[in-house]
Amino acid sequence: MHSLSDAQPLAHQFDDTDQQRRAVSFGMWAFLVNEIMFFGGLFATYTVYRVLYAHAFHDGSHHLDITLGTINTAVLIASSLTMALGVWSAEHGKRRPLMAWLLMTLLLGGVFVGIKAVEYHGKWVDHLVPGPGFVWHGEGAQHVQIFYSLYFAMTGFHALHMLVGFGLLTWLIIDARRGRFGPAYYAPVEMVGLYWHFVDIVWIFLFPLLYLIGRH
Amino acid sequence: MSDSAHHGPTLGVYFAVFAALVVLTGITVAVAFADLGALNNVVMLGIAVTKATLVVLFFMHVFYGPRLVWALAAGGFAWLVILIGFTLSDFLTRVAVG
Amino acid sequence: MIGFRLFPEQASTIAPQVDALLFFLIGLSLFFSLLIAGLIVVFMVRYRRRPGGDHVPDIHGSLALEGLWTAIPFVLAMTVFFWGASIFATMQRPPDNALEVHVVGKQWMWKLQHMEGRREINELHVPVGRAVKLLMTSEDVIHSFYVPEFRVKQDAVPGRYSSIWFEATKPGTYHLFCAEYCGTLHSGMIGRIVAMEPAAFEAWLGGRQAGANVPIEVDGEGIFRAQGCGTCHRADGSGQGPALQGVFGKTVTLASGQTLVADEGYLRESILDPNAQIVAGYTSVMPTFQGLLSEEDVMRLIAYVKSLKAGEGGS
Amino acid sequence: MSEPDGRRHYLNVDYGVRSWLLTTDHKRIAILYLCSITAMFILGGLFAVGIRLELLTPQGDFVQADTYNKLFTMHGVVMVFFFLIPSIPAVLGNFLVPMMIGARDLAFPRINLLSWYLYVLGALFTLFAMITGGVDTGWTFYTPYSTASSATNVMPTAIGIFITGFSSILTGLNFIATIHTMRAPGLTWFRLPLFVWAHYATSLIMVLGTPVIAITVALVGLERGLHIGIFDPALGGDPILFQHLFWFYSHPAVYIMILPGMGVISEVVTCFARRRIYGYGFIAASSLMIALLGFLVWGHHMFVSGQSQYAALVFSFLSFFVAIPSAVKVFNWTATLYRGSIAWDSPMLYALGFMGLFTIGGLTGLFLAALGLDVHVHDTYFVVAHFHYIMVGGTIMAYLGGVHFWWPKITGRMYPEALAKVSGFVIFLGFNLTFFPQFILGYLGMPRRYHSYPDEFQVLNVFSTAGASILGVGYLLPLCYFLWSLRYGAKAPANPWNAAGLEWQTLSPPPTENFETTPVVTTDAYDYGPDGARATPPEAAVA
């Protein structure tokens, strides 16, 4: 009597597909608002310490690799584009392009996380991972450590969201292969798209706040 | 409201937004190396907000979507401002003890 | 100490003010609770359901009434706000001639020192009729210095200074509580405030341990020497660090171009984290004294720096 | 709970364990929550018994200081995160929101089930922390005590709260999407029952506030586990920042607890006074105002913490504004009684008890919002008394009133009315005896979280403990007669109270699909009409 999935063509609790689509879209947006506040706690912490320890934050930021950061920004923006094109393909019933764009998105996401891993490794080698092993030869070591604590917390939670996105994309690609999406039903693609763009937006703020401060 | 999802942007808009995002990323990196004093932060955040707005409006279809979604997206950012603003109101107005 | 009671003693200048607001609020609360409770009981009885007589009028609401009972709470709330805020403002501003006492909280005791040097643990002697200002910090977790009979309370926060003041009005012995939960023996972190007549206080201050009590700035000066601070902070300004004479309370310009007032908090930071905010014209050569100095020693050092007046040769 | 007449309803549609653990029916999930929060309430209550026994004597001789600290911490954690926050929304809200708006289920039934599993998982982590030694930080987890000083099980508790937070968020999301998109034809926003409005406002807080506490406890966990500096002053952090982030959620969380209770009161008072609610729009708007203002006042928990005095002024100023919508609600409920036809049934008695206790709780909130006065009573028993008047006198009274009101609908059985009345009086009496003396204790200066205390506070503490034992009996009574009623209670008709809400227009217990045909709404809420009769007889709508 119960449908197998909330995202079935029409779940029992809805009167029609239009109501279902509105509910799903609305729920997703409300979820993203919740996500804004989740990262919001980190952004608030960042802002306070940035104001208190501006100098140390600049010093800490100088040890981030601006080239890798910029490349990663471009990669993530590109993945947002491919995701948007994926949604467009689904909406227009183009099955093969849909799969291609989703795969491309997954690939670009993989590149992003790969580069992030390289950066993390570099910080590990340079003893810039906060904790007992943190070494800083310069002023305000404690405050620089706070910068790195926030760097790892913020990019870490962001990367965690990317990993969740990988799972969602994989699920979409499998379903797309089975030909489950078309002009009449592509809400899952659209919803994962919203999620992916949100994760992109978080990075759009993280990049300047972490990499670009006090460079002049 | 119900048909909103079907009136997404054209492919041209997607590529234009992508181009704008790339250009803005370039600008923000370039500006970071210029010394504009306090203006550095303003420009940096201004560009980030612009980029985010582009993504929200076009990639996430809010531009074409119902007002309710506008309200939700705006409400989320408003709450972020409350959190950060009121917290900072403490840290920025602390004065000497006694 | 004393038997059962329903109301705390008023033993400070601020206590009657706080209590006046309390009585106003109790009056207000009684009025509204009795009004609501009374109306509920009257309506319950008067309009209780009777068999067959189920005739109720169809009332939706009244804009005028809604306006009225929005406006009345608003006016009352604003009255209470301004009243409470004005008392708070008084609590925040110690008189200029206040005696100073240093307070360091730690799990689970209060360590106090008077400027004249006398140290106390879990006990504070103060004179009646003279404002006393506490400069407080904590060695470990957050504590809170609370004297109910004085109606004052302030958290002692590790890593920074906070402050309260009070003026005792009645000689006597009062409670000192830690009001911020601080671990196992939180409820054992209590003590006494002993308010004394001024003459008795003076006698106590210099009294029993006379000779053993050196003024706090002298203590501070000893630390200043022992740590070799004077090597760089020379009185004539020729050292690697700025001269400290007259620096307390002055506005200083930092290397970053910002300015700030050199208060206790800034001096503390400059000792424990010297490179955080360097005065313009100096370089970051000073080592940190974190771990080398206790919070009490840092306070003594600051007392010494405060005692250095502009134009005087240090030592 | 079998039905002799053989009619199919949500309870007898299937009996297997799987049919419960894998259900996506909002009504069954509500029952799952009902059982789990009742278990947590009993656990939290046992901790309270320990606290009150310890405080019977001043010396601290019943348990060790360490044990006492764990008792009040676990009492707070269990009651706040695992009972009060889910209580009305997850049980009554889950059951009733879809029914009140004429829907077959919530928008996302599987996510609803996921919420319950997250709740259970979070509870298991917290129980694990308690069984393996407990936690002693206070439910507030203030740093640096929680990150650097406490040697107890902070981590598993923090993980438990983190996970339960997501349960709460998902419930909120579900309600918001459901209320927006799934209302029955004709059910416009201004015809919604105020219970639904209250849950809508509550859900906004859950979605906007809960993620902040989640990330905050995550940071506490990171700092504690990896010794990275974020809040610990010894590592350059600022412990006051933790308090900001904590109260950004935890103050609005008070409204998560009380707003749904206010929703219950609006339903019960109208039904038993047979009156249209007085000032519908004002009560609905006041719920939203409380949700909004609730986010702007958190700093009033920090007046003596070392927060900037200017920030303190702003937070105090805004705090007084919350008093206004709360007062508006109480006045409107009272006005609803005027010239009504008031029945003294037990749900009504609970509702009136709520109004009295909430009024006292709300008014004493003014004492705490007033800066100069708060300095004295902050962190004393005055605060303890105040928030128990709101959370126990308010929320639990409303929760019990609601359970009595909807029990016939939920289970299809009537409970013994006389016993329900008795327990209502016992609770009211026991509650006041327990917590009123604490106002006096607080003003006298007894700090909260004290294991031992000066002798002069003993008399009032003895009163409090005596009251608590009466209160305990009061809470045990409903537990007994509700269980009894499942087997021996009289069968409930579809609408035992002759109430107007949509949920009463279907059978008791309702069928799995709630309504056999989607209802069409043509009237405002609480349409008891000039003659005290309902607009539509219940059986008509079902048939």
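1. How many residues of chain D are in contact with chain C, and how many of chain C with chain D? In this predicted model, 77 residues on the chain D side meet 75 on the chain C side. That makes a good place to start reading the structure.

2. If you look at chain D from the side that touches chain C, the elements giving two or more residues are α3 (65-100), α5 (145-149), α8 (239-273), α9 (280-293), α10 (309-337), α11 (346-369), α12 (371-377) and α14 (417-444) of chain D. Of these, α10(D) gives the most, with 13 residues. Sorted by class, this side of chain D holds 44 nonpolar, 24 polar and nine charged residues.

3. Now turn to chain C itself. Its domain assignment gives domain 1, made of 7-41 + 63-213, and domain 2, covering 216-307. The C-alpha centres of domain 1 of chain C and domain 2 of chain C are 31 Å apart.

4. Where do the two domains of chain C meet? Eleven residues of domain 1 of chain C are in contact with nine residues of domain 2 of chain C. On the domain 1 side, the elements that give two or more residues are β1, β2 (109-114) and β5 of chain C. By class, that side of domain 1 of chain C has four nonpolar, four polar and three charged residues.

5. Strand β5 of chain C deserves a second look. This strand spans residues 131-138 and is mostly covered, with six of its eight residues buried. Strand β5 of chain C is also one of the elements on the side of domain 1 that touches domain 2.

6. What does β5(C) pair with? Strand β1 (residues 99-106) of chain C runs parallel to β5(C), and seven bridges join them; here H102(C) has L135(C) as its bridge partner. Strand β8 (residues 162-167) of chain C pairs with β5(C) in the antiparallel sense, over six bridges. In that pairing, A131(C) stands opposite E167(C) of β8(C).

7. Finally, a few words on chain A. Chain A contains six helices and zero strands, and its pattern along the sequence reads α-α-α-α-α-α. The C-alpha trace of chain A spans about 65 × 30 × 30 Å along its principal axes.

8. How much of chain A is buried? Of the 216 residues in chain A, 56% are buried. As for its contacts, take those in chain A between residues at least 6 apart in sequence: 76% of them join residues at least 24 apart.

Key: Residues numbered from 1 in each chain as written. Chains lettered and ligands numbered in written order. Predicted model: local features only at pLDDT ≥ 70, side-chain atom pairs only at ≥ 80, totals over all residues. Buried ≥ 20, exposed ≤ 12 C-beta atoms within 10 Å, placed from the backbone. Helix = DSSP H or I, 4+ residues; strand = E, 2+ residues; numbered from the N terminus. Pairing = 2+ DSSP bridges. Contact = placed C-beta atoms within 7 Å. Nonpolar A, V, L, I, M, F, W, Y, C, P; charged D, E, K, R; others polar. Domains from an automatic or database assignment.
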